Amino acid sequence: MCGIAGYKNLSQSLFNPPKDILERMQKRMEHRGPDGSGVWISHHKQCGLAHRRLSIIDLSSAGAQPMMDPQQTVVVSFNGEIYNHAIIRKELESKGYIYRSGTDTETVIYAYKEWGIECIHKFEGMFAIALYDVVRDELFLIRDRIGIKPLYFSVQGGVFSFASEIKALWECPWITRKISRPGLYHYLTYLVTPAPYTLYEGIYKLPPGFYCMVDARGVYSFHEWYNPIVSVPTYTQRELNDEHFLVDHIRYLLRESIKKRMMSDVPFGVFLSGGIDSSLNVALMSEFTDRVKTFNVSFSDGPEFSEVEWARKVATEFGTDHHEVVINEKDAFDFFEKMVYHQDEPLADCVCIPLYFVSKLLKDSGVTVVQVGEGSDELFCGYSHYAKVIDVHHKFWKPSVKLVPQWAKQCMYYGACAAFPTKKNHLAKLKDWVDGRQLFWSGATAFSEILKSDFWNHDQVVEHDYVVAQIYPELRQELDSYSLVDYHVMDLKRRDPDADFLKSMIYLEFKQRLSELLLMRVDKMTMATSVESRVPFLDHTFVEFALQIPSSMKYHSGMTKYILKKACEGILPYDVIYRKKMGFAAPTQRWFQQGDYFKDYFKKLVDAREVPIGTYLKPQSIRRMYNRNMRPNWEHSLELWTLQNVLANDAFHE
């Protein structure tokens, strides 16, 4: 894994930036690539690329980047892995291309020379690519299909700037740091700012499956090159309703995915929680090698989240070289501000903490590549709260839309407001029902629209953002976080008019929570320790197949993840498959109510930054929530963690 950065002048006037900008940009991302660095500047100095290298394939200097072809017509700075690069290489060699290295980066260069930008459809893997066509004076930025790798950009100061991490962009003197009101507003709901927004005004993230082209005139355009919803089904309805076929095909595709992701010239391992997904990774990897290393993390002050015994059971079953680390609130607190630094923009998922410590354990054990289980729960309806939402939708929400008159709905809502004035998030869900909105917004939300109204200290007017409008043309740009849900659901209906409720839930997760929260927490915490993470469940062929499986095969007779559990039978121990799901989390509720560090830190943080906080949020509302959380029968740890992550960000310094 690596870090990329660079810029291209958008104006016709000459642009002569200081020579050390690219050096400073790559230096800010040294953790992403401690094995080497490089910069490249065009002869007219209007375009520059930078790179940090974490050596995975071809550890020699032949793999150094930015990399050019022998004719010096194409230059690439590349972050990620192309798992099928050897197959593409054979095809390119048959066409006369001569390789100088064993890297997949060289394949990217020659593939572009042969097929143009359409070459990206050939790539299987995870990647963020910056490719500059010297002859045409065109810059391409490409993010992988699912959004496993991050890619940020800015068009401030008449310059198109980009990087794998936002902190690298701060090295550009033409970029200013200012909080984005829409970015902050949506963050409070989704625990992360959804693409294409970020927490910062004028800084954007390229959505999954998009590429951007900056042409010779400085005109930039955005193109969606991939969507997981296939327009033509690749399997028959008979196959998709055949449990035996589904089980066999899930196993086949996962084995192929894991085998591809074992491509490495350095040691690799698996994060093993002891749940189905990580255990299945271990079991299938063990079919290809007897050198599997597994890693587990637990909390000494959070036994309710510990799955260490299950992890040990799986490790023993498959004879892995097993490693464990145990942490507590003090460890988490000491790491917290470093975590905020590595996040760049806040990701209010407490899992970032155990992820960092298990990544560090892995790196300290001499391992550089790790397989993780992200994506499985989203694809196969693996969460208990998914099941609850589906049941409510089918039994109440959907049938009541036509049966209950609008006046009756409104009376119920106003009656609930009078009877339960403090239950803001519950009232917000009731209001969604009254207003005919979707029941499901995301697998994780903190502040509802109603609750945010108590905290938001700004008007509701939003200036039109030209960049956002280019990427998502029909998105309503307003301070209403439902607008993002509405945009993606309407997009799904155009692509698949017959999509049912669960499929719309999964599609929303892929467009927002999975790509920008779950995958970014993995990327940023593993990269903080110079570790590359790989995601077998998110191989695009597996995703496309899983999205065609009927919902009744995923949530079946009250059982979540039904068909995947069936596929695990005979591979994993029965009790591992059918035990109660625990989930990967941290004891934040205990920390905020009884802890020795975080509850005092939160108070000091609010007091120290009251003035800048007050520009956007109401400090008195934050303190009121904090004090209420200390009382019996009140619990606001998710909201407090969400606030703490953003308030600790440097953007709130005076």
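**Exercise 1. In this predicted model, identify which residues lie nearest the centre of the second largest pocket, and describe its lining.**

Solution. The lining of the second largest pocket consists of 27 residues, and those nearest its centre are His393, Lys398, Gln438, Asp500 and Phe501. The next step is to ask which helices contribute: α13 (384–403), α18 (482–495) and α19 each supply at least two of the lining residues. Sorting the lining by residue class then gives 14 nonpolar, 7 polar and 6 charged residues. The volume of this pocket comes to about 620 Å³.

**Exercise 2. Determine how much of helix α21 is buried, and what covers it.**

Solution. Helix α21 spans residues 540–548, and 8 of its 9 residues are buried, so that the helix is mostly covered, where buried stands for under 20% relative accessible area. The buried residues are His540, Phe542, Val543, Glu544, Phe545, Ala546, Leu547 and Gln548. Among the elements that cover these residues are α6 (237–240), α7 (243–260), α12 (376–380) and α19 (501–511).

**Exercise 3. Work out the strand order of the open sheet that contains β1, and explain why β2 and β10 each have one side without a neighbour.**

Solution. The open sheet is formed by 6 strands, which follow the order β2-β3-β1-β9-β8-β10 with antiparallel pairing. Because β2 (36–41) and β10 (203–205) stand at the edges and have a single partner strand each, one side of each is left without a neighbour in the sheet. Between neighbouring strands of this sheet the average turn is 15°, with direction ignored. Looking more closely at β2, one finds that 6 bridges join it to the antiparallel strand β3 (residues 47–53), and that Val39 stands opposite Ala50 in β3.

**Exercise 4. Describe the hairpin of β11 and β12, and find which residue in it takes a positive phi.**

Solution. Strand β11 (residues 210–214) is paired with strand β12 (residues 220–224) in the antiparallel sense, over 5 bridges. Within this pairing, Val214 stands opposite Tyr220 in β12. The hairpin has 5 residues between the strands, and Gly218 takes a positive phi near 85°.

**Exercise 5. Decide whether Asn296 is buried or exposed, and list its contacts.**

Solution. Asn296 is placed in strand β14 (residues 293–299). Its relative accessibility is 4%, and therefore Asn296 counts as buried, the cut-off being under 20%. Leaving aside residues up to four places away in sequence, Asn296 touches Leu272, Ser273, Val308, Ala311, His322, His323, Glu324, Val325, Val358 and Leu361.

How values were computed
Residues are numbered from 1 along each chain as its sequence is written. This is a predicted model: local features need pLDDT of at least 70, side-chain atom pairs count only at pLDDT 80 or more; totals for chains, interfaces and linings use all residues. Side-chain values use heavy atoms; hydrogens and water are left out. Two strands pair if DSSP finds at least two bridges between them. Helices (H or I, at least four residues) and strands (E, at least two) are DSSP runs, numbered from the N terminus. Axes are lines fitted to C-alpha atoms, for helices over the stretch in contact, and angles run from 0 to 180 degrees between N-to-C directions. Buried means under 20% relative accessible area, exposed over 50%, partly exposed in between (1.4 Å probe, protein chains only). Contact means heavy atoms within 4.5 Å. On a 1 Å grid over the protein atoms alone, a cavity is a set of points where a 1.4 Å probe fits but cannot get out, and a pocket is an open set with protein on both sides within 12 Å along at least five of seven lines; lining residues have an atom within 4 Å of a point. Grid points are joined across faces, edges and corners, and a volume is the space filled by probe spheres set on the points. Ala, Val, Leu, Ile, Met, Phe, Trp, Tyr, Cys and Pro count as nonpolar, Asp, Glu, Lys and Arg as charged, and the others, Gly among them, as polar.
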